[in-house]
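Q: Could you take me through a close look at a single part of this structure, step by step? I am new to this, so please explain the reasoning as you go.

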Amino acid sequence: MTEDYQKYTYKEESGNMEGIAAVLTKAIAFVAIIVMGYVLKRIHVFKKDDFYLLSKVVIRITLPAAIVTNFSQISMENSLLFMCVLGIACNLVFVAAGYLINVKHTPMDKAFGMLNLAGYNIGNFTMPFVQSFLGPVGFAVTSLFDAGNSVMCTGITYTLASAAAGKSQKGSKF
């Protein structure tokens with residue numbers, strides 16, 4: 001019985017080590033790509049204008065292709081749509097926190113806190129990690145969470161902050 005336990009323990013430990021090595025390899029590869037991009041920028045391989053071209057390629061081709069590819073590999077269930085609601089709810093928590101942190105401050109400070117605490121920057125930096133480590137399901141769940149996040153970031157947070165600042169006129173600016 002002791003020998004079986006030792007074999008099981010050894011097998012379990014070696015399996016964990018292989019898993020850790022795979023995760024570390026992926027993480028190191030991503031960091032190496034980021035470092036390579038930075039080094040290429042510093043040695044002037046890329047010009048300032050190249051940013052706009054690369055940005056368009058990533059936003060208009062790479063990210064949509066990744067979304068289509070990953071969503072085609074899963075079966076979409078209605079329960080996954082809860083992630084959109086969760087994205088909105090998480091943003092509302094931080095909007096409220098921004099307000100409460102600045103409750104004794106000026107209305108402009110409240111609005112500033114509400115705008116700057118809410119919102120998650122999920123897009124281009126997070127998605128490669130999620131796709132690599134969590135696969136298509138993790139990518140889909142993250143995308144749905146980001147859809148709820150986007151609803152808040154494209155106007156609702158600004159509207160709430162404007163109300164807190166006392167600016168309810170159309171086109172008002174802080």
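A: Let's begin with Y120, in what is a predicted model. Y120 has a relative accessibility of 27%, so it counts as partly exposed, a class that lies between under 20% for buried and over 50% for exposed. Its ring partner is F145, and here the value is 13%, which means that F145 counts as buried.

How do the two rings meet? By the rule for ring pairs, the count is six aromatic pairs. In the pair of Y120 and F145, the ring centres are 5.3 Å apart and the planes stand at 70 degrees, so this pair is edge-to-face. Y120 sits in the loop between α4 and α5, while F145 belongs to helix α5, so the pair ties together parts that are 25 residues apart in sequence. Elsewhere, ring pairs join F30, F129 and F133 into a cluster.

Now follow F145 inwards. F145 is a member of the largest nonpolar core, which has 12 residues, including M83, C84, I122, L144 and A140. Both α3 and α5 give this core at least two residues each. The largest share comes from α5, with six residues. As a general point, nonpolar side chains tend to be buried together in soluble globular proteins.

C84 is a good place to see one of these core residues up close. Not counting neighbours within four places in sequence, C84 is in contact with L144, A147 and G148. A second core lies apart from the largest one: it has seven residues, with V95, A118, A161 and A165 among them.

That brings us to helix α3, residues 82-101. With 20 residues at 1.5 Å each, α3 should span 28 Å, and its end C-alpha atoms are indeed 28 Å apart, so the two values agree. Which residues of α3 are buried? They are M83, C84, G87, N91, V95 and G98. Looking down the axis of α3, these buried residues fall within an arc of 130 degrees, so they line one face of the helix. The reason for such a pattern is easy to picture: an α-helix has 3.6 residues a turn, so residues three or four places apart point the same way.

What do the buried residues of α3 pack against? Their partners are α4 (107-117) and α5 (123-165). On the face of α3 turned away from the buried side, you will find the exposed residues F82, V93 and L100.

Technical notes
Residues numbered from 1 in each chain as written. Predicted model: local features only at pLDDT ≥ 70, side-chain atom pairs only at ≥ 80, totals over all residues. Heavy atoms only, no water. Helix = DSSP H or I, 4+ residues; strand = E, 2+ residues; numbered from the N terminus. Expected span 1.5 Å × (residues − 1). Buried < 20%, exposed > 50% of the residue type's maximum accessible area, 1.4 Å probe, protein only. Arc of directions from axis to C-beta. Contact = heavy atoms within 4.5 Å. Phe/Tyr/Trp six-rings, centres within 6.5 Å; stacked < 30°, edge-to-face > 60°. Core = buried A, V, L, I, M, F, W, Y, C linked by side-chain atoms within 4.5 Å.
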